[in-house]
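Visitor: Kindly guide me through this structure, beginning with the terms that are needed to read it.

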Amino acid sequence: MTSPPTIGASELATCLGLSRPGEYHLSELELWARLRGLIPRYDVSDEDEEAQAGHIAEPGILARYGRERRVPVVAGPQLPAPGYVHPEETWLSVRPDGLAPDATIEAKNPLFPWTSLPTHVAVQVTAQIAVAHAQ
């Protein structure tokens, strides 16, 4: 018997009902289908240009963070590797972009025109910090 899938940090906003058309790409139905194995769980082939640019920029953002703060930074687990699972809330897993002694790092595309932190990103980062601090 296989263990049930965990909810990833980037999927948590959808679980909380914070997914809005045009604001976040994952609907409740899509998440359900992913968790049931009816559609691929992670498919980077359909990422938009902003997400692709963000993934390309991640190593540079992590390196700059470490250089500016004079701390070592390591990349977080990348797909398809499993993420970090909360020791008590075993339904929650995260894959932060980077880890430093002083921070859990979620690198985002600096060219994306946000005027404030989107709710789904705030939920994602909060989950990542919670899991990282519980390790």
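Guide: A residue is called buried under 20% relative accessible area, exposed over 50%, and partly exposed in between, with a 1.4 Å probe and protein chains only. This is a predicted model, in which local features need pLDDT of at least 70 and side-chain atom pairs count only at pLDDT 80 or more, while totals for chains, interfaces and linings use all residues. Residues are numbered from 1 along each chain as its sequence is written, and side-chain values use heavy atoms, with hydrogens and water left out.

Visitor: Is Ile-39 buried, exposed or partly exposed?

Guide: Ile-39 is found in the loop between H2 and H3. Its relative accessible area is 34%. Ile-39 is therefore partly exposed.

Visitor: Which residues form a nonpolar patch on the surface?

Guide: Patches are made of residues with over 30% relative accessible area and no salt bridge, where like charges are joined within 9 Å and nonpolar side chains (Val, Leu, Ile, Met, Phe, Trp, Tyr) within 5 Å. Accessible areas come from the Shrake-Rupley method with a 1.4 Å probe, and for residues only the protein chains shown count as cover. The patch has about 440 Å² of accessible area together, and its residues are Leu-29, Trp-32, Leu-38 and Ile-39.

Visitor: In what order do the elements of the protein run from the N terminus on?

Guide: Helices (H or I, at least four residues) and strands (E, at least two) are DSSP runs, numbered from the N terminus. The protein has four helices and six strands. Their order is β-α-α-α-β-β-β-β-β-α.

Visitor: Which strands stand at the edges of the open sheet?

Guide: Two strands pair if DSSP finds at least two bridges between them. Three strands form the open sheet, with antiparallel pairing and the order S2-S5-S6. Each edge strand has a single partner, so one side of each is left without a neighbour in the sheet; these strands are S2 (74–75) and S6 (103–105).

Visitor: Which residue in S6 stands opposite Leu-99?

Guide: Strand S5 covers residues 98–100, and S5 pairs with S6 in the antiparallel sense over three bridges. The residue of S6 opposite Leu-99 is Thr-104.

Visitor: How far apart in sequence are the parts that Arg-34 and Glu-11 tie together?

Guide: A salt bridge is a side-chain nitrogen of Lys or Arg within 4 Å of a carboxyl oxygen of Asp or Glu. Arg-34 and Glu-11 form one, with their closest N and O atoms 3.6 Å apart. Arg-34 lies in helix H2 (residues 28–35) and Glu-11 in the loop between strand S1 (7–8) and helix H1 (12–15), so the parts they tie together are apart in sequence by 23 residues.

Visitor: Are Arg-34 and Glu-11 buried or exposed?

Guide: The relative accessible area of Arg-34 is 17%, which makes this residue buried. Glu-11 has a relative accessibility of 1%, and this residue likewise counts as buried.

Visitor: Which residues are linked in a network of salt bridges?

Guide: Arg-64 and Glu-68 meet in a salt bridge of 2.6 Å, N to O; being four residues apart in helix H3 (residues 49–69), they are separated by about one helical turn. Glu-68 also meets Arg-69, at 3.9 Å, N to O. Glu-68 is partly exposed at 48% relative accessibility, and Arg-69 is partly exposed at 43%. The network thus consists of Arg-64, Glu-68 and Arg-69.

Visitor: Which helix gives the largest share of the largest nonpolar core?

Guide: A nonpolar core is a set of buried Ala, Val, Leu, Ile, Met, Phe, Trp, Tyr and Cys residues joined through side-chain atoms within 4.5 Å. The largest has nine residues, including Ile-7, Leu-12, Leu-92 and Val-131. Two or more residues each come from H1, strand S4 (92–94) and helix H4 (119–134). The largest share, three residues, is given by H4.

Visitor: Is Gln-124 buried or exposed?

Guide: Gln-124 lies in helix H4. Not counting residues up to four places away in sequence, Gln-124 touches Ala-9, Ser-10, Glu-106 and Lys-108, where contact means heavy atoms within 4.5 Å. With a relative accessible area of 9%, Gln-124 is buried.
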